[in-house]
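Dear colleague,

I am handing over the structure we spoke about, with the sequence alongside it. Please have it open while you read the notes that follow.

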Amino acid sequence: MEFVILSDADFETFAKGHPHGSFIQSMELTRFQRARGQEVELFGVTRGGTLIAAGKLVYTANRFGYKACDCAKGPLMDYRDPAVVQFVVEQLKKRAASKKAAELRISPNVKYIARDEDGAEHPEVEDNRPLLKELAGLGFKHQGFDMNFANINWMFVKKLDGIADSEELIMGMNYRTRKAIRKAEKNGVYLEQATLETLDDFYNALSTAGDEKGFTYREREYYEQLLRNTSDEFTKLMMAKINIPEYRASITERLDAESKTLADLKREVEETGSKKKANRVKVVQDLVDSYERSLKDIERFPDSVGVATVAAIHFACSGDEVVCVIGGTVQDYIYFNGATSLYWGMMLHALNNGYSRYNFYGTFGIQGQDETGHGGYEFKKGFGGEVVQLVGDFVAPVNPVIFTAYQAVRKLAGAAKTVLAKLPERGNLLRKFRGKN
């Protein structure tokens, strides 16, 4: 086996078709990171002239000069072959050391253990728990199984293989989700992909949803650089929109039509006493009540609002999957089911363009309804799929002296921060001092 530095073309070809590939380990994201000034390197391992492993390394240094080498969602290799795993790890350590890094981080895009939609373990399907022991023997320390909000390790994924068409796709979802999809379509919610010219619409909705729900989103410049340095297929900044005046007019028209139908039915029931017509009255009355509620719900949105962006989500399309990276619904417009429309629309895109997986990505609150994020998990379950838990992050020292010293400093800093947090505020101490004197 031989360690080599890869050309962009060779890396792209290998990564696109690899079973452990992801948008993180893609040529598209590599170009974007280079444009942002990040230090990125593409490596490969050949055996008999054939490429058998590859990955993207990103080197970062903090303000103290401590440097790390990170192979996020990689390396891409056959983890069932111990000889390959050992060789790749040894070579990555050497490479990181030559770049003056103190530590090497990897986070294989490999399941820890197979799970179903409820998160229950199914080791009979897939079980990679032995990999943790193998990597520990190679000098790595596992960083635990807690939800990682930066390097996502818990996901919800829907497989699309074998689904013939949109009807079969929607029938694989629960009743509540199907109803929400059809309601949004009927109400005129439509999707639009943001461009440089419409980025403000996307970013305003994304940042508003982030502030309301407490998730961390990137600065506007980040998304602008994504649009400038990646393809329209890889980066999809999608918006769900609705035309308020048109929606109001549509509901009013439907209300008028059903109100007329209701009046006619009531008159016929009075004249004929028909039980069949009486049952129909109840159905139409429910429709009338629903339309009246809808009009009341949007009273706070005057026609001057025009077209409203009700939800915004950043999707990445790479390899065999469409990934919902981050996004959400603006709370004021939650009634319009914008996120549901975006998920549905991008699932259709995946189905119609040969992607075999739709990845909801970061999924939390799986263990119980009292956990943070459980509502989002239940929402995703409505579309059908399974919980995916990856093996997680691993860290190995490359320069043991600097690594150990830095970890000690971090530990001391953490302890000092804890002590300071427990101390009374400085103002309280001054007031106590003055009170005694």
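This is a predicted model, and I begin with a single residue, Glu103. Its relative accessibility is 5%, and because anything under 20% is taken as buried, Glu103 counts as buried. Glu103 is found in strand E5, which covers residues 103-106.

The side chain of Glu103 takes part in polar contacts with two partners that you may wish to display: one of 2.8 Å joins it to the side chain of Tyr66, and another of 2.7 Å joins it to the side chain of Arg105. If residues up to four places away in sequence are set aside, Glu103 touches Tyr66, Lys67, Ala68 and Cys69, and also Val395, Ala396, Pro397, Val398, Phe403 and Gln407. Tyr66 thus appears both among the residues that Glu103 touches and as a partner in a polar contact with the Glu103 side chain.

The other item concerns a pocket, namely the second largest, whose volume is about 510 Å³. It is lined by 22 residues, of which Pro19, His20, Asn109, Val110 and Glu126 are the closest to its centre. Two or more lining residues come from each of helix H4 (130-137) and strand E14 (386-390), and H4 gives the most, with three residues. As for the character of the lining of this second largest pocket, its residues divide into nine nonpolar, nine charged and four polar.

With best regards

How values were computed
Residues are numbered from 1 along each chain as its sequence is written. This is a predicted model: local features need pLDDT of at least 70, side-chain atom pairs count only at pLDDT 80 or more; totals for chains, interfaces and linings use all residues. Side-chain values use heavy atoms; hydrogens and water are left out. On a 1 Å grid over the protein atoms alone, a cavity is a set of points where a 1.4 Å probe fits but cannot get out, and a pocket is an open set with protein on both sides within 12 Å along at least five of seven lines; lining residues have an atom within 4 Å of a point. Grid points are joined across faces, edges and corners, and a volume is the space filled by probe spheres set on the points. Helices (H or I, at least four residues) and strands (E, at least two) are DSSP runs, numbered from the N terminus. Ala, Val, Leu, Ile, Met, Phe, Trp, Tyr, Cys and Pro count as nonpolar, Asp, Glu, Lys and Arg as charged, and the others, Gly among them, as polar. Buried means under 20% relative accessible area, exposed over 50%, partly exposed in between (1.4 Å probe, protein chains only). A polar contact is a pair of N or O atoms within 3.5 Å; within protein, one must be able to donate a hydrogen and the other to accept it, and residues adjacent in sequence count only if both atoms are side-chain atoms. Contact means heavy atoms within 4.5 Å.
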